[in-house]
Amino acid sequence: MTDHRHVLVVEDSRVQAKIISQHIAGRTPFPTIVAHSLAEAEAAMTAQRDAIFVAILDRNLPDDPDGRIVPLAKSLGIPSVVMTASFSEDVRKRLLEDNVVDYFLKTMAEMENLERLIERLYKNQFVRALVVDDSKLFRARLTGLLANLNFQTLEAEDGRQALEVLAANDDVRLVITDYNMPNLDGFGLIEELRTTRPKDRLAIIGVSAEGGGQTVRFLKVGANDFLVKPVEVEEFTCRVHMQLDILDLLEHCRQLCAKAPE
């Protein structure tokens with residue numbers, strides 16, 4: 001997969017744009033491309049699409065009073081994070097309808113969270129995730145959310161097919177599975193996977209319309225985490241990223257142990 005490395009920063013305030021760019025440059029290894037208007041952003045997105053893995057967007061640009069910048073990024077397949085001066089439930093609803101990855105207030109306190117998200121979105125480009133659900137509509141919903149987070153996505157309609165997909169793709173690091181499926185349900189799938197793929201190598205998130213006992217059983221058979229349908233976008237993003245961060249940390253620890261003298 002192409003190693004996209006640049007962060008596009010779209011901000012009409014040159015001072016704000018400079019602050020955001022300097023923080024990203026100082027805390028991450030990713031160079032920035034800066035635009036101060038919709039016209040400049042569109043030119044950058046079009047000319048340098050293959051270099052950009054995420055766009056940090058201001059929705060209030062002088063030549064874009066209607067917030068067209070977010071749908072533009074979406075149409076080009078660029079994951080977008082919105083910096084906003086104010087927040088309300090109405091703003092949240094509009095942003096989620098536009099499939100933004102996340103949103104942050106324009107404060108210095110939020111910059112650290114933004115930087116962590118940028119680093120995670122970069123890493124996600126190289127991670128394969130498998131969605132297992134017998135509902136084609138729900139599979140499309142989850143694969144869409146994962147693709148928006150820069151993951152490479154695979155699908156299976158039941159546990160038996162999931163095992164076949166995983167046998168052909170042993171680099172999958174995340175599985176999100178429903179419980180109630182034909183042939184092999186979610187519990188059976190997890191039990192099969194845990195015989196060869198421990199929690200510190202493969203993250204599994206169970207999903208069901210029921211909580212309570214379903215949650216307990218998913219965790220008992222070996223799931224790393226659990227989500228209840230309907231899935232809230234922000235919770236989905238946080239839980240998925242938390243599991244991948246844990247896998248990365250454990251892998252880093254294994255590498256340090258391997259290098260340590262006897």
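Q: Which residues of H9 are exposed?
A: In this predicted model, Gly-213 and Lys-220 are exposed on the other side of H9 from its buried residues. Exposed means over 50% relative accessible area, buried under 20%, and partly exposed in between (1.4 Å probe, protein chains only). Helices (H or I, at least four residues) and strands (E, at least two) are DSSP runs, numbered from the N terminus.

Q: And which residues of H9 are buried?
A: In helix H9 (residues 213-221) they are Gln-214, Phe-218 and Val-221. They lie on the same side of H9 because they cover an arc of only 75° around the axis, the arc being that of the directions from the helix axis to the C-beta atoms.

Q: What covers the buried residues of H9?
A: The cover includes strands S8 (172-178), S9 (203-208) and S10 (225-228), together with helix H8 (186-194). Contact means heavy atoms within 4.5 Å.

Q: What comes just after H9?
A: Gly-222, which takes a positive phi of about 125°.

Q: Changing topic, how many helices and strands are there in the protein?
A: The protein has ten helices and ten strands.

Q: Where is Leu-250 found?
A: Leu-250 belongs to helix H10 (residues 233-259). It counts as partly exposed because its relative accessibility is 33%.

Q: How should the numbering and values be read?
A: Residues are numbered from 1 along each chain as its sequence is written, and side-chain values use heavy atoms, with hydrogens and water left out. Local features need pLDDT of at least 70 and side-chain atom pairs count only at pLDDT 80 or more, while totals for chains, interfaces and linings use all residues.
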